[in-house]
Amino acid sequence: MKTRPTDASVEAFIASVDNAGRREDALALLPIMNRVTGTQPRMWGDSLIGYGEYAYSRADGSRHRFFLTGFSPRKANLVVYLMAGVGQHAGKLARLGRHKHSSSCLYLGRLKSVDLDVLAELVADDLAIMRQRYPEHLL
């Protein structure tokens with residue numbers, strides 16, 4: 001797996017985001033994620049802000065590690081990573097507000113378009129699923 005944790009500064013990364021709205025949203029999401037996860041963020045690769053860590057094995061037997069949840073202020077969207085899978089949260093997604101999603105990615109245009117309490121619930125619920133799914137693999 002190419003994406004690994006780094007010692008880069010989360011705050012410096014957010015400060016370097018070109019899009020002012022995306023930067024503003026990342027700064028607003030940071031304390032929410034810190035509170036919900038109860039952990040401090042860490043940079044993963046050049047552009048992912050991750051919380052927690054777990055180990056897993058792929059079908060080919062290779063072992064990898066990744067964050068339990070995280071986010072990234074991408075050019076097109078603010079992306080929140082729900083590693084248990086977005087499909088686990090259909091009821092809350094209906095209450096979230098404007099968003100798109102793929103299997104583990106929640107794409108948000110601007111935070112003002114979503115209910116931040118629902119977003120915090122989504123992240124908390126997803127973390128609970130991940131911790132239950134990988135109890136012996138949490139790092």
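Reader: What makes strand β6 (residues 78-82) largely enclosed by the rest of the structure?

Author: In this predicted model, 5 of the 5 residues of strand β6 are buried, so the strand is largely enclosed by the rest of the structure. Buried here means under 20% relative accessible area, and the residues that meet this cut-off are Leu-78, Val-80 and Leu-82 on one side of β6 and Val-79 and Tyr-81 on the other, which leaves both faces covered. In a regular strand the side chains alternate between the two faces of the sheet.

Reader: How do you know that β6 pairs with strand β5 (residues 69-73) and with strand β8 (residues 105-108), and which way do they run?

Author: Two strands pair if there are at least two bridges between them; 5 bridges join β5 to β6 and 4 bridges join β6 to β8, so by that criterion both count as paired. The strands run antiparallel in the β5 and β6 pair, and also in the β6 and β8 pair. Within β6, Tyr-81 is the bridge partner of Gly-70, while Val-80 stands opposite Phe-71 and opposite Leu-106 in β8. A hairpin through 4 residues joins β5 to β6.

Reader: Why are β1 and β7 called the edge strands?

Author: The open sheet is formed by 6 strands in the order β1-β2-β5-β6-β8-β7, with antiparallel pairing. Strands β1 and β7 (100-101) each pair on one side only, and they are the edge strands. Helix α2 (residues 20-37) packs on the sheet, where it touches β2 (48-51), β5, β6 and β8, and its direction makes about 170° with that of β5. Helix α4 also packs on the sheet, touching β5, β6 and β8, with a direction that makes about 35° with that of β6.

Reader: Which residues have the most contacts inside the largest nonpolar core?

Author: This core has 43 residues, and those with the most contacts inside it are Leu-29, Phe-71, Val-80, Leu-96, Leu-106 and Leu-108. Helix α4 gives the most to the core, with 7 residues. Leu-96, not counting residues up to four places away in sequence, touches partners including Leu-106, Leu-108, Val-118, Leu-119 and Leu-122. In soluble globular proteins, nonpolar side chains tend to be buried together.

Reader: Why is Trp-44 called buried, and what is it in contact with?

Author: Trp-44 has a relative accessible area of 1%, and because the cut-off for buried is under 20%, Trp-44 counts as buried. Trp-44 is found in strand β1 (residues 42-44). Leaving aside neighbours within four places in sequence, Trp-44 is in contact with, among others, Thr-3, Arg-4, Pro-5, Phe-66 and Phe-67. One aromatic cluster is formed by Trp-44, Phe-66, Phe-67 and Tyr-81.

Reader: What makes the rings of Tyr-54 and Tyr-134 an aromatic pair, and why is the pair called tilted?

Author: A search of the whole structure finds 6 aromatic pairs. For Tyr-54 and Tyr-134, the centres lie 4.6 Å apart and the planes make 40°. Rings pair if their centres lie within 6.5 Å, and planes that are neither under 30 degrees nor over 60 count as tilted, so these values place the two rings in a tilted pair. The pair links distant parts of the chain, 80 residues apart, with Tyr-54 in strand β3 (residues 54-57) and Tyr-134 in the segment after α4 (116-133).

Reader: Is Tyr-54 buried or exposed?

Author: Tyr-54 has 6% relative accessibility, and therefore counts as buried, the cut-off being under 20%.

Notes:
Residues are numbered from 1 along each chain as its sequence is written. This is a predicted model: local features need pLDDT of at least 70, side-chain atom pairs count only at pLDDT 80 or more; totals for chains, interfaces and linings use all residues. Side-chain values use heavy atoms; hydrogens and water are left out. Helices (H or I, at least four residues) and strands (E, at least two) are DSSP runs, numbered from the N terminus. Buried means under 20% relative accessible area, exposed over 50%, partly exposed in between (1.4 Å probe, protein chains only). Contact means heavy atoms within 4.5 Å. Axes are lines fitted to C-alpha atoms, for helices over the stretch in contact, and angles run from 0 to 180 degrees between N-to-C directions. A nonpolar core is a set of buried Ala, Val, Leu, Ile, Met, Phe, Trp, Tyr and Cys residues joined through side-chain atoms within 4.5 Å.
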